[in-house]
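Let's take a friendly look at a ligand site and at the backbone of the protein that holds it. Please keep the structure open as you read.

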Amino acid sequence: MNMQQLVINGKNKLQGEIEISGAKNSVLALLAATVILNGKTTLTGCPELSDVYSTCQILTSLGCSCKRKGNSITVCSDDIHKSDIDHSLMMKMRSSILFMGALLARFKSRPCEVFYPGGCPLGDRPIDIHISALSKLGAVITENGGKLICKAPNGLKGADISLMFPSVGATENIILASVLAKGETNLSNCACEPEITDLCRFLNKCGAKIYGYGTPNIRIVGVEKLYGCEYKVCPDRIETATYMGCAAVTGGELILNSADTSSMTAVVPVFEQMGCKIYAREHSILIAAPGQLKPVKNIRTMPYPGFPTDAQPIVMAALATAGGTSVIVETIFPNRFGQAAELVKMGADIRIENDVAIISKSGGLYGASVKCHDLRAGASLVVLALACEGKSILSDIYHIDRGYECLEQKLNAVGGDVVRTY
Ligand code: UD1
């Protein structure tokens, strides 16, 4: 935690090109996966983020070697000797729970100890789906004062697993645990997010046999061993949506290079309904915004390929500048509207009723002192601050640093006025 702040002067039209970084949620899963590999792995396109740093700290604490050079991280887990992770490291982010599946696959009958994970405060975030699925593979998981003691006394064995909800993390945990299990695992109703596709592609490159990823039904045929490889992390679709929001609220025109257009199919139409013109190429997106955004009445967050919950706060900020009333329904996380009260401080007109947000035409947007409630809530404050008259001061920006590489440099290079104070 730190006392740094972002000072943003709004009303500058953003114009130019931004390079999209590798996906945070992908690289965290790929790094956890290195625990089950033999030999060296080099991941390229790793964004410089505090969550990536924390994940490397977990790997190092287990005895893995983990070296960063520019945007590449090389990991070797051959000398891993510890099978437990400290509470303080587990609490740094939600994805630390992926080490549960990875450690089980690596150590099998030797007990591993982890804790309930931390992460953004998005309401209750249970791990019951993770635990019940891993149990089906032969894991025995017991809890002792917040500590989770996991082992697979008879090794892990493939199973048929149907998820009651397509949880992203649970799908990743099952994949990590089953790639080295004996026999075949058939997963149904699993998550289809691009970060899961990235994990499966990576593991297949390491020798795994995973079929059907990117669909709700994944088949995994267990193999004896997996070997490290070189792999490029997929582009960050939420960072892409964030800069689309920044262009939209400033009447700007941005080209987002290295974006993965195919993962933006639910987000692009929302910006088009706001009145933005979008030209998508395979690896770049051009967004040109009108002077005044139009409201959008029917946004509903859904598992992929639906509209992503992580882009919801960002789109809410954009719609706070629109000339009419918009409606967003949040179906993935209960009460994921931590940004709303802060956006209101900047003049946004937002009413929350349970899982529905009603965003009306603002009477005027002006810079204010606001606090980042969580990662994407922080990003939404950046978006609205860019549209405000005058200066906004954002505090608790360590949330933003978990997920945005070089945010102020990227925005300033296209005409923004964003300064970090220490
Ligand atoms: C991941 C992403 C996060 C994104 C979310 C949904 C990472 C590191 N994080 O989080 O940015 O917002 O997907 O796209 O990749 N649930 C249960 N029991 C469980 C697991 C989940 O009830 O065992 C519920 C959650 O409380 C939530 C919903 O399922 O309401 C979705 O959670 P999940 O898909 O698991 O999200 P994460 O993997 O935590």
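The report below goes through the ligand site and then turns to two spots in the backbone. Please bear in mind that this is a predicted model.

**Where the ligand sits**

The ligand is found in the largest pocket. Around it are 19 residues, and those that come nearest are Asp128, Ile129, Ser167, Asp310 and Ile332. By class, the shell around the ligand divides into seven nonpolar, six polar and six charged residues.

Which domains does the shell around the ligand draw on? Domain 1 (5–21 + 236–421) and domain 2 (24–232) each provide at least three of its residues. Two helices are also worth finding on your screen: H5 (128–136) and H6 (168–178) each supply at least two shell residues. Helix H5 gives the most to the shell, with three residues.

**Polar atoms facing the ligand**

Three of the nearest residues place an N or O atom a short step from a ligand oxygen, as the table shows.

| Residue | Atom on the protein side | Distance to an oxygen atom of the ligand |
|---|---|---|
| Ile129 | backbone N or O | 2.7 Å |
| Ser167 | side-chain N or O | 2.6 Å |
| Asp310 | polar side-chain atom | 2.6 Å |

In the case of Ile129, then, the contact comes from the backbone, whereas Ser167 uses its side chain, as does Asp310. On its own, the ligand has 740 Å² of accessible area, and the protein covers 87% of it.

**Two spots in the backbone**

Which peptide bond is cis, with omega near 10 degrees? That is the bond from Tyr304 to Pro305. Pro305 belongs to the loop between strand E17 (299–300) and helix H10 (312–319).

The other spot is Lys108, which has a positive phi of about 50 degrees although it is not a glycine. You can find Lys108 in the loop that runs between helix H4 (98–107) and strand E6 (112–115).

Conventions
Residues are numbered from 1 along each chain as its sequence is written. This is a predicted model: local features need pLDDT of at least 70, side-chain atom pairs count only at pLDDT 80 or more; totals for chains, interfaces and linings use all residues. Side-chain values use heavy atoms; hydrogens and water are left out. A residue is near a molecule or strand if one of its heavy atoms lies within 4 Å of it. A polar contact is a pair of N or O atoms within 3.5 Å; within protein, one must be able to donate a hydrogen and the other to accept it, and residues adjacent in sequence count only if both atoms are side-chain atoms. Accessible areas come from the Shrake-Rupley method with a 1.4 Å probe; for residues, only the protein chains shown count as cover. On a 1 Å grid over the protein atoms alone, a cavity is a set of points where a 1.4 Å probe fits but cannot get out, and a pocket is an open set with protein on both sides within 12 Å along at least five of seven lines; lining residues have an atom within 4 Å of a point. A molecule sits in a cavity or pocket if more than half of its atoms lie within 2 Å of its grid points. Helices (H or I, at least four residues) and strands (E, at least two) are DSSP runs, numbered from the N terminus. Ala, Val, Leu, Ile, Met, Phe, Trp, Tyr, Cys and Pro count as nonpolar, Asp, Glu, Lys and Arg as charged, and the others, Gly among them, as polar. Domain bounds come from an automatic or database domain assignment.
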